[in-house]
Amino acid sequence: MQLRDYRVAGDQNIIHDDALGLEFLRLPLTYELAPAQLTTLFPEFRVARHTEVTALLGNLGLSGLNPTGVNTYAVAVGLPVMATIGAMIYHDYGRGSTAQASYAYFLTDAGTYSIYNIMLATGIVQPNGMSVIYQAFGSTPYMRQRGTYLVREAPVAAPVPEPASWGLLIAGLGLIGARLRHRRQQGYKPA
């Protein structure tokens, strides 16, 4: 898989979650990478925690997510979710049915790895909807055909000045300009 530099490729590779104050890296960029490679390639990011991933999926519309079992959702819900986090595998079963999947690691509170298998099957023949399956792993996960949820703190946007602040600034500049004009009219010469 050819990795694209997320800093060059732009915001399409970053998931901004304003509610969490976090930015997630799209899963295809971390596909089949070992933990040591993740640290080297994406030094600004860390592995997401279970609660952060669950909150992200909830903010994407997967309401009522059971973090320890199987969850099913309609295609209409699943399509925007897969488009946002990034589907890593695509199958055409030859029956008018397709499936996209994202298998992604995160860290539990105990410091071990777990994943969500997120599978979206759509098509004319078998519109299966979307399933989200939780799986627990140990401290050394099997990375084949899986990505990792990587996250960083979202940059804090500079506050936009209130209209009253702008008014004070403009009034102050106006007073300074008037004072300078008055001095010129009075023939003021600095010593």
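1. E32 is partly exposed in this predicted model, with a relative accessible area of 39%. The residue sits in the loop that runs between β2 and α2. Although E32 is not a glycine, its phi is positive, at about 60 degrees. A reader who inspects the backbone may wish to note the location of E32 between β2 and α2 together with this phi value.

2. As to the overall make-up, the chain has five helices and ten strands. Of its 191 residues, 38% count as buried. The chain exposes about 11200 Å², and carbon and sulfur atoms supply 58% of that area. Among contacts with a separation of 6 or more, 61% are accounted for by residues 24 or more positions apart.

3. One sheet deserves a separate description. Four strands form an open sheet in the order β1-β2-β10-β3, and their pairing is antiparallel. Its edge strands are β1 (14–17) and β3, each of which pairs on one side only. In general, the strands of a sheet pair through backbone hydrogen bonds, in either a parallel or an antiparallel sense.

4. Strand β10 has β2 and β3 as its neighbours in the order of this sheet. Strand β2 (residues 22–25) is joined to β10 by three bridges, and the two run antiparallel. Within this pairing, L22 of β2 stands opposite E153 in β10. The pairing of β3 with β10 is likewise antiparallel and extends over two bridges. Here R46 has V151 in β10 as its bridge partner.

5. The side chains add further links. How many salt bridges does the structure hold? The count is five. One of them joins E44 to R152, with the closest N and O atoms 2.6 Å apart. E44 lies in the loop between α2 (35–41) and β3 (46–47), whereas R152 belongs to strand β10 (residues 150–153), so this salt bridge ties together parts that are 108 residues apart in sequence. E44 counts as partly exposed because its relative accessibility is 41%.

6. R46 takes part in two of the listed contacts, with E52 and with E153. The salt bridge between E52 and R46 has an N to O distance of 2.7 Å. The salt bridge between E153 and R46 has an N to O distance of 3.8 Å. The latter pair links distant parts of the chain, E153 being in strand β10 and R46 in strand β3, 107 residues apart. Salt bridges that share partners also join E23, E44 and R152 into one network.

7. Are the residues around R46 buried or exposed? E52 counts as buried, at 15% relative accessibility. R46 itself is partly exposed, with a relative accessible area of 31%. E153 is exposed, with a relative accessible area of 52%. The carboxylate partners of R46 therefore fall into opposite classes, E52 being buried and E153 exposed.

8. The aromatic residues form a further set of contacts, and the count comes to six aromatic pairs. Y105 and Y113 make one of these pairs, an edge-to-face arrangement with 5.8 Å from centre to centre and 85 degrees between the planes. Both Y105 and Y113 are buried. These two tyrosines also belong, with F137, to one aromatic cluster.

9. What is the geometry of the pair formed by F106 and Y134? The ring centres are 6.3 Å apart and the planes stand at 35 degrees, so the pair is tilted. The cut-offs behind that term are 30 and 60 degrees: planes under 30 degrees apart count as stacked and those over 60 as edge-to-face, which leaves 35 degrees in the tilted class. F106 lies in strand β6 (residues 97–107) and Y134 in strand β8 (residues 129–136), so that the pair links distant parts of the chain, 28 residues apart. Both F106 and Y134 are buried.

10. One contact between a charge and a ring completes the note. R146 lies over the face of Y103, at 5.9 Å from the ring centre.

Methods: Residues are numbered from 1 along each chain as its sequence is written. This is a predicted model: local features need pLDDT of at least 70, side-chain atom pairs count only at pLDDT 80 or more; totals for chains, interfaces and linings use all residues. Side-chain values use heavy atoms; hydrogens and water are left out. A salt bridge is a side-chain nitrogen of Lys or Arg within 4 Å of a carboxyl oxygen of Asp or Glu. Buried means under 20% relative accessible area, exposed over 50%, partly exposed in between (1.4 Å probe, protein chains only). Two strands pair if DSSP finds at least two bridges between them. Rings of Phe, Tyr and Trp (its six-membered ring) pair if their centres lie within 6.5 Å; planes under 30 degrees apart count as stacked, over 60 as edge-to-face and the rest as tilted. A charge sits over a ring if NZ of Lys or CZ of Arg is within 6 Å of the ring centre and within 35 degrees of the ring normal. Contact means heavy atoms within 4.5 Å. Accessible areas come from the Shrake-Rupley method with a 1.4 Å probe; for residues, only the protein chains shown count as cover.
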